[in-house]
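Me: I'm new to this one and I'd like to know how the labels people put on it are earned. Can you walk me through it?

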Amino acid sequence: MKLYGMPLAACFMVAVLMACREFCPFWPALSFIETFWLFLAGLIGGIRLPDLDLRIPGLSHRSAITHSCLPAVLLWVLGDVFIAAGLALGIALHLSSDLQPKSWAGGALIKLPILGSIGMLSPLWLIVNIVGCFAMVIEVISGESVDARQAIVMISVIGSGWYFLQEEKRPLLPLMTLGFAILLVHAVKGGTLSVKMVWQYFA
């Protein structure tokens, strides 16, 4: 149940929002919360989504399909950019934790459909997809107003803090990886590799 709980909660949150759009007469006055609600729903769902490969027939654990930014990309293509951004952040948190298994063997390795395990390229796969996830998050955030950006980063910090306090006993490597991903994405977007410059996305 723990595996399904958060994705189901995310689906419920989206369903509630859709019902409010359709039936709540006061919704136009409250519609400003849609952005944050959808981002939070995506974040909640994304934290557990990669491990759904344990329940999907035909997929091995650490499947390259679920342990990647692909699910978020699909939502992005479908037009749900805020859910996609939240989903991308949740996936990035999960993948950052997957970077420190007890050993790089067996179930810790990324598996491609048909081709099987990619072996010791697994850490590189995870890092590349974490960077891809953050590229999506920053792309969405950079197009929003300052107030929206600050609200989204607050949700991100609280969600990340909860995740690492509740789920991760060794947060140093995941946090370093997440920091590296943010700085790298910023540098690729034409900035400089500095924390101060990256913070300008959020303030």
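Me: Which residues meet where α4 packs on α5?

Reply: This is a predicted model, and in it P71, A72, L75 and W76 from α4 meet V81, I83, A84, L87, A88 and I91 from α5. By class, that contact has 10 nonpolar, no polar and no charged residues.

Me: What makes α4 and α5 roughly antiparallel or roughly parallel?

Reply: Look at the angle. The axes of α4 and α5, the latter covering residues 81-97, are 8 Å apart and the angle is about 175°. Anything over 145 degrees counts as roughly antiparallel, so α4 is roughly antiparallel to α5.

Me: Now α3 and α7. What is their orientation called, and why?

Reply: Helix α3 spans residues 34-48 and helix α7 spans residues 146-166; their axes come within 10 Å and cross at roughly 25°. The cut-off for roughly parallel is under 35 degrees, therefore α3 and α7 get that name. Their crossing is right-handed.

Me: Which residues do the meeting there?

Reply: On the α3 side you'll find T35, F36, F39, L40, L43 and I47. On the α7 side there are A148, A151, I152, I155, S156, G159, W162 and Y163. Sorted by class, the contact of α3 with α7 has 11 nonpolar, three polar and no charged residues.

Me: Let's stay with S156. How do you know whether S156 is buried or exposed?

Reply: S156, which lies in helix α7, has 11% relative accessibility. Buried means under 20%, so S156 counts as buried. Setting aside neighbours within four places in sequence, S156 is in contact with F39 and L89.

Me: What about α6 and α8: what makes their angle parallel, perpendicular or oblique?

Reply: The axes of helix α6, residues 122-142, and helix α8, residues 172-188, come within 9 Å and cross at roughly 55°. Roughly parallel needs an angle under 35 degrees, and roughly perpendicular needs 65 to 115. The angle of α6 and α8 fits neither range, nor the one over 145, so α6 is oblique to α8. The crossing of α6 and α8 is right-handed.

Me: What lines up across that contact?

Reply: From α6 come I127, I130, V131, F134, A135 and I138, and they meet T177, L178, F180, A181, I182, L184 and V185 from α8. That contact divides into 12 nonpolar, one polar and no charged residues.

Me: I138 is on that list. Why does I138 count as buried or exposed?

Reply: I138, in helix α6, has 2% relative accessibility. With the cut-off for buried at under 20%, I138 counts as buried. I138 and I182 are 44 residues apart along the chain, while their C-alpha atoms are separated by 8.3 Å.

Me: Are there spots in the loops worth a look? What is the phi of R62, and is R62 buried or exposed?

Reply: R62 has a phi near 65°, a positive value in a residue that isn't glycine. R62 sits in the loop between α3 and α4, with α4 covering 70-78. As for burial, R62 has 7% relative accessibility, and because buried means under 20%, R62 counts as buried.

Me: And I114: where does I114 sit, and what makes I114 buried or exposed?

Reply: I114 also isn't a glycine and has a positive phi, of about 70°. I114 is found in the loop between β1 (111-112) and β2 (116-117). Exposed means over 50%; I114 has 91% relative accessibility, so I114 counts as exposed.

Me: Zooming out, what is the whole chain made of?

Reply: The protein chain has nine helices and two strands. Along the sequence, the pattern reads α-α-α-α-α-β-β-α-α-α-α.

Me: And why is the chain called as compact as a globular protein of that length?

Reply: The radius of gyration is 17 Å, close to the 17 Å that the globule rule gives for 203 residues, so the chain is as compact as a globular protein of that length. The C-alpha atoms fill a box of roughly 55 × 45 × 30 Å along the principal axes. Of the 203 residues, 45% count as buried. Among contacts between residues at least 6 apart in sequence, 70% join residues at least 24 apart.

Definitions and conventions:
Residues numbered from 1 in each chain as written. Predicted model: local features only at pLDDT ≥ 70, side-chain atom pairs only at ≥ 80, totals over all residues. Heavy atoms only, no water. Axes fitted to C-alpha atoms, helices over the stretch in contact; angles between N-to-C directions. Helix = DSSP H or I, 4+ residues; strand = E, 2+ residues; numbered from the N terminus. Left-handed = near helix turned anticlockwise from the far one by under 90°. Contact = heavy atoms within 4.5 Å. Nonpolar A, V, L, I, M, F, W, Y, C, P; charged D, E, K, R; others polar. Buried < 20%, exposed > 50% of the residue type's maximum accessible area, 1.4 Å probe, protein only. Rg over C-alpha atoms; globule rule 2.2 N^0.38 Å.
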